[in-house]
Every structure is written in C-alpha cells, then in structure tokens.
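Welcome to a short tour of spaces and rings. Please have a look at the structure below, and then we can walk through it together.

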Amino acid sequence: MIKSHNEWDTLKEVFVGVVDGAHNPKLGKDLHCINYADKDNLHGIQQGLYPQQVIEETQEDLENFVNQLKSFGIKVRRPKPQNQEEYFSSPHWDTNGYYNYCPRDSVLIVGDTIIESPMALRSRYFETFCFKDDFINYMKDGARWISAPKPRLLDESYQRENLDELTLTNVEPVFDAANILRCNNDILYLLSNTGNELGAQWLQNFLGSEYKVHVLRDMYSYVHLDSTIALLREGLCLLNPERVNEDNMPEPLKSWDKIWCPDMVDIGYYGDYNHASVWIGINLISLTPNLVVCDENQKELHNQLIKNNVEVIPMRLRHSRTLGGSFHCITLDTWREE
C-alpha cells in the first residue's frame, strides 16, 4: 500500500536498502561538485566496489534491522540490487552506478503518490529501476506513480567557480528526495547542492494547492535534510544546532517543541571512505510517534529523546559514515497509519 503523509505515523510497510554491489562511480564534474565539493581536486578519490569488510558488516547490520522491524509486524521490502559496475550513458555523458543502499534518496512518497526524483548525480540516473516491479504492483493497487522530468545533467548543471554559492545550478529541475521531509500538507525542501529552486517549483506545481512546499535557504548547503532536522511527531522536532537557528527556522516548526541535538559521538569511517559527517547520528527513523530507531552510539541523544517521551531502540549501523546513510536514509516508508 502507498499511504504516507509524514515522518512519524505508525509504520506499517517500508523498503530497507541493500548494500550488495555498493560502488563508487566514475569521477566527473557532478561528483566533484556534490560529493567532493570541499576538495580542490579528485586525486586519490576511491573508485570501484566498496571493501568486502564494509559490505559484509553492513549486510549483517541491515539484516538485524530488518528483523527488528518485522518483530513489530512491519512489512519489509528490499530493492533489487543492480550491477553498479556496468556503464551507461546519455547523449552528453557516460558513467557507471552508485548503490541501492539509500532508498530515501531517490523516491518521495506523498500521500498515495510515488514520485521518482530527478537526482543530482549522473551515476544515480537509473537507480529507481530497482523498485520497478514493486511500483508496478503498487500502481495496480491504485497508487499514483510519476517520475519527475529526467534532467540532462549537463556540465552547466554544476559550478565550482564560486564556492560561496551552491554548486548545483538552476538550469533545470533537480532534487534528491532526501532533500525533503513531509509534515502532512507542509513539505520542507532544502535548497542545497542536491536540490535547486526549479526542483522546488516543479514539486509545488505538481502537488498543487493542497500542499505548501517550504524552501529552506541558508541552512545546510552540502546534500540532504535528514542529518539536519528530524520530525519526531506532530509538534516535536529534533534540530542540528550547527545548522538551524531562529533566523532560518522553517515556518511550520516555529511553534513546535524543539530538541536541540547534543554533540554526536563520532563513529568514524573505513579508510578514506568518508561520505557523511558526525551529524549522521540525527538520521533516525520513527516507528510510531513515540518510538524511534537510533544509532546505538548516540547515548546522550537517546537521553534527550527519552526526556521528551520518545522511546529509543538503539541499533548498530557500523558504516553509516562510510556509506553516507543511517536509518532514515536506508529506508523508504510506503505506508504509515495514523
């Protein structure tokens, strides 16, 4: 079933990503401007398959997470792994693939609608193919299903001439779904290196007057929103104090109770594979309005959540910084029940 209006209603069905074949793609201007925007050059950047230790340990952690979800009666689906080493091309560029580890990045669920996002990285152009069979079945059961206009992702979609500005330009609608958090009829949309103004405009035009897309500016330029804000339940949010303040507070959250996230425990990363900051610890998933799954290392955060009547299931995801995604990133909730 496709029915998910926010980030906190009781979870009934969810995709959990897979790490099989996880791969660092061919280097290009897109990667330099997004994943490696902080680097002057791409010398020494890893390409090819992730180390086997990372894959095996993550597979173990994902299976434990899946079993925990199933113990609550939650239906779990898994995307079909793709051959990420295989090259593909458009008329303008060629690349190979990335991974199927973070379903949150490529698909947005709004109510009964599946939206495949126009992603910023060329290597993720066909990533939603891993869901295709499931989405066909959802459509047969009545879900609405659309793919946002496929971007050309020409070189002019990216810039490094002025790093005080976003490296993703505004020549066509581009956004990763993980730039977005859903708050019923309010949609929070982070303007960043993976989501531009035209992407927000396309989303608002598509969703229509029933929804309000709130564009968040001058908050966090690097990539996604879910290491900056977590919506725990109606009226309660978790905020990253290094990125959110009273001046850039999203309008729908101004009246909410706020938990200002304590300092994160740095879980480290494997070798040179650093694809997320320490704030990946904010990246939790709500199973109900009063229950979350959160990284087991973030004990001070657990204490703050518990003080606000949010129970915590601590779980291990050893390579969340290495792979660039924790419990919110690696899931895509398709059905939540109020």
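By class, seven nonpolar, one polar and four charged residues make up the lining of the second largest cavity. Keep in mind throughout that this is a predicted model. The volume of this second largest cavity is about 60 Å³. Its lining consists of Glu7, Arg104, Val107, Leu108, Ile109, Ala177, Ile180, Leu181, Arg182, His328, Leu332 and Asp333. Three strands each supply at least two of these residues: S7 (107-110), S10 (180-183) and S19 (331-337).

**Enclosed spaces**

How many cavities of 30 Å³ or more does the structure hold? There are four. The largest cavity contains about 80 Å³ of space. Around the largest cavity you will find Glu7, Leu181, Asp226, Ile229, Ala230, Leu231, Ile282, Asn283, Leu284, Ile285, Ser286 and His328. Strand S13 (229-233) and strand S16 (285-288) are the elements that give two or more residues to this lining. S13 has the largest share, with three residues. By class, the lining of the largest cavity has seven nonpolar, three polar and two charged residues.

Glu7, Leu181 and His328 are named in the lining of the largest cavity, and Glu7, Leu181 and His328 are also named in the lining of the second largest cavity.

**Open spaces**

Now to the pockets. The largest pocket holds about 720 Å³ of space. Which residues of its lining are the closest to the centre? Of the 38 lining residues, these are Asn35, Tyr222, Asn274, His275 and Ala276. The lining of the largest pocket divides into 16 nonpolar, 13 polar and nine charged residues.

In the second largest pocket there is about 210 Å³ of space. Ala37, Asp38, Leu163, Asp164, Glu165, Leu166, Thr167, Asn193, Ser221 and Tyr222 line the second largest pocket. Sorted by class, they give four nonpolar, three polar and three charged residues. Tyr222 belongs to this lining, and Tyr222 is also among the residues closest to the centre of the largest pocket.

**Rings that meet**

Let us turn to the aromatic side chains. Across the whole structure, a search finds 19 aromatic pairs. One of them joins phenylalanine 135 and tryptophan 145 in an edge-to-face arrangement, at 5.8 Å centre to centre and with 75 degrees between the planes. This pair links distant parts of the chain, ten residues apart: phenylalanine 135 lies in helix H4 (residues 132-140) and tryptophan 145 in strand S9 (residues 144-147). Is phenylalanine 135 buried or exposed? Its relative accessibility is 1%, so phenylalanine 135 counts as buried. Tryptophan 145, with a relative accessible area of 26%, is partly exposed.

Another pair is stacked: tryptophan 202 and phenylalanine 206 are 5.4 Å apart centre to centre, with 0 degrees between the planes. Both residues lie in helix H5 (residues 197-207), four residues apart, which is about one turn of the helix. Tryptophan 202 counts as buried because its relative accessibility is 16%, below the 20% cut-off. Phenylalanine 206 is partly exposed, its relative accessible area being 26%.

Phe135 and Trp145 also belong to one aromatic cluster, together with Phe15, Phe131 and Tyr138.

**Charges over rings**

Two arginines have their charged ends placed over tyrosine rings, as set out here.

| Charged residue | Ring | Distance from ring centre |
|---|---|---|
| Arginine 124 | Tyrosine 98 | 4.9 Å |
| Arginine 243 | Tyrosine 220 | 3.6 Å |

Arginine 243 deserves a little extra time. Where is arginine 243 placed? It sits in the loop between strand S14 (236-239) and strand S15 (257-260). The relative accessible area of arginine 243 is 10%, so the residue is buried. With its neighbours within four places in sequence left aside, arginine 243 is in contact with Met219, Tyr220, Ser227, Thr228, Asn248, Ser277 and Trp279. One of these partners, methionine 219, is 24 residues away along the chain, and the C-alpha atoms of methionine 219 and arginine 243 are separated by 5.5 Å. Tyr220 appears in the contact list as well, and the ring of tyrosine 220 is the one under the charged end of arginine 243.

Notes
Residues numbered from 1 in each chain as written. Predicted model: local features only at pLDDT ≥ 70, side-chain atom pairs only at ≥ 80, totals over all residues. Heavy atoms only, no water. Phe/Tyr/Trp six-rings, centres within 6.5 Å; stacked < 30°, edge-to-face > 60°. Buried < 20%, exposed > 50% of the residue type's maximum accessible area, 1.4 Å probe, protein only. Lys NZ or Arg CZ within 6 Å of the ring centre and 35° of its normal. 1 Å grid on protein atoms, 1.4 Å probe; cavity = no way out; pocket = protein on both sides within 12 Å on 5 of 7 lines; lining within 4 Å. Points joined across faces, edges and corners; volume = space filled by probe spheres on them. Nonpolar A, V, L, I, M, F, W, Y, C, P; charged D, E, K, R; others polar. Contact = heavy atoms within 4.5 Å.
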